[in-house]
Amino acid sequence: MTHHATKTLQELGYRLTPQRTLVWDVLRASDGHMSAEEVCAQVQSSFPHINISTVYRTLELLVELHLVRETQLGPTRRFFEVEEEVPHHHLVCERCGSVAHVHDEDLGSLHLTLAKGQGFAAKQLTIFGICDTCAAEGDRGTAPAGEVGPAADAAGDAAGA
Ligand SMILES: [Zn+2]
Ligand SMILES: [Zn+2]
């Protein structure tokens, strides 16, 4: 079974070089977000002679063709993933660097507010914060036991009663 990417490339007159196919396959096989270096390392495991600049060029081409999406996380960090039909936004943990997805419906009325109030169509949001895991670790270290904030969920309720 071939994916539309192969067809797209061929229709646009691009040769299906092994490098291009491999970069695409690596991204397709990954369910997460990969840096160019990570893509390169994986491609090199089956195609040792490929170099990072070829990987960069291939990624740029795939981004240009809207087959791959690039998300910039600050000036030095960017990652690549296969473009999905459903647009999504990213939650990035400032501590461990983990990346999670949220979709439009998770944002509630935010994108509507932006659209109506500012005429701004929010296509891609990146929200920085602290993930679950890191927050739990932080709590264990610093917060005194028994102190339950208003945001705590049902799990904490039974103990106090
Ligand atoms: Zn984290
Ligand atoms: Zn993503």
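**Exercise 1. Locate glutamate 81 and decide whether this residue is buried or exposed.**

Step 1. Glutamate 81 lies in strand β2, and the model in which it is placed is a predicted one.

Step 2. Count the neighbours: 20 other C-beta atoms lie within 10 Å of glutamate 81. Because a residue counts as buried at 20 or more such atoms, glutamate 81 is buried.

Step 3. Ask next which residues surround this position. Leaving aside residues up to four places away in sequence, glutamate 81 touches Leu27, His33, Val68 and Arg69.

Step 4. Finally, compare sequence with space: glutamate 81 and serine 30 are 51 residues apart in sequence, while their C-alpha atoms are 8.1 Å apart.

**Exercise 2. Work out which residues of helix α3 are buried, and on which side of α3 they lie.**

Step 1. Helix α3 spans residues 36-46, and within this helix Val39, Cys40 and Val43 are buried.

Step 2. These residues cover an arc of only 100° around the axis, which means that they are on the same side of α3. A general rule helps here: an α-helix has 3.6 residues a turn, so residues three or four places apart point the same way.

Step 3. Turn to the face directed away from the buried side, where the exposed residues Glu37 and Ser45 are found.

Step 4. Then identify the cover: the elements lying over the buried residues of α3 include α2 (18-29), α4 (52-64) and β2 (77-82). Strand β2 is also the strand that holds glutamate 81.

**Exercise 3. Describe how α2 and α3 cross, and state which residues make the contact.**

Step 1. The axes of the two helices, α2 and α3, come within 9 Å and cross at roughly 120°.

Step 2. Angles of 65 to 115 degrees count as roughly perpendicular and those over 145 as roughly antiparallel; α2 and α3 are therefore oblique to each other.

Step 3. As for handedness, the crossing in which α2 passes α3 is right-handed.

Step 4. On the side of α2 the contact is made by Leu22, Val23, Val26 and Leu27, and on the side of α3 by Val39, Gln42, Val43 and Ser46. Two of these names have appeared before, since Val39 and Val43 are buried in α3, and Leu27 is touched by glutamate 81.

**Exercise 4. Derive the strand order of the sheet that contains β3, and the sense of each pairing.**

Step 1. Begin with β3 (residues 88-93), which pairs with β4 in the antiparallel sense over 5 bridges. In this pairing valine 92 stands opposite valine 99, and histidine 90 stands opposite histidine 101.

Step 2. Follow the connection between these two strands: β3 and β4 form a hairpin with 5 residues between them, and glycine 97 in the turn has a positive phi of about 80°.

Step 3. Now take the pairing of β3 with β5, which is parallel and runs over 4 bridges; here leucine 91 has isoleucine 127 of β5 as its bridge partner.

Step 4. Put the two pairings together: the result is an open sheet of 3 strands in the order β4-β3-β5, with mixed pairing. Its edge strands are β4 (99-103) and β5 (126-129), each of which pairs on one side only, and neighbouring strands are turned by 25° against each other on average, with direction ignored.

Note on methods. Residues are numbered from 1 along each chain as its sequence is written. Chains are lettered from A and ligands numbered from 1 in the order in which they are written. This is a predicted model: local features need pLDDT of at least 70, side-chain atom pairs count only at pLDDT 80 or more; totals for chains, interfaces and linings use all residues. Two strands pair if DSSP finds at least two bridges between them. Axes are lines fitted to C-alpha atoms, for helices over the stretch in contact, and angles run from 0 to 180 degrees between N-to-C directions. A residue is buried if 20 or more other C-beta atoms lie within 10 Å of its own, exposed if 12 or fewer, and partly exposed in between; C-beta atoms are placed from the backbone. The arc is that of the directions from the helix axis to the C-beta atoms. Two residues are in contact if their C-beta atoms, placed from the backbone, lie within 7 Å. Angles under 35 degrees count as roughly parallel, over 145 as roughly antiparallel, 65 to 115 as roughly perpendicular and the rest as oblique. A crossing is left-handed if the near helix is turned anticlockwise from the far one by less than a right angle, and right-handed if clockwise.
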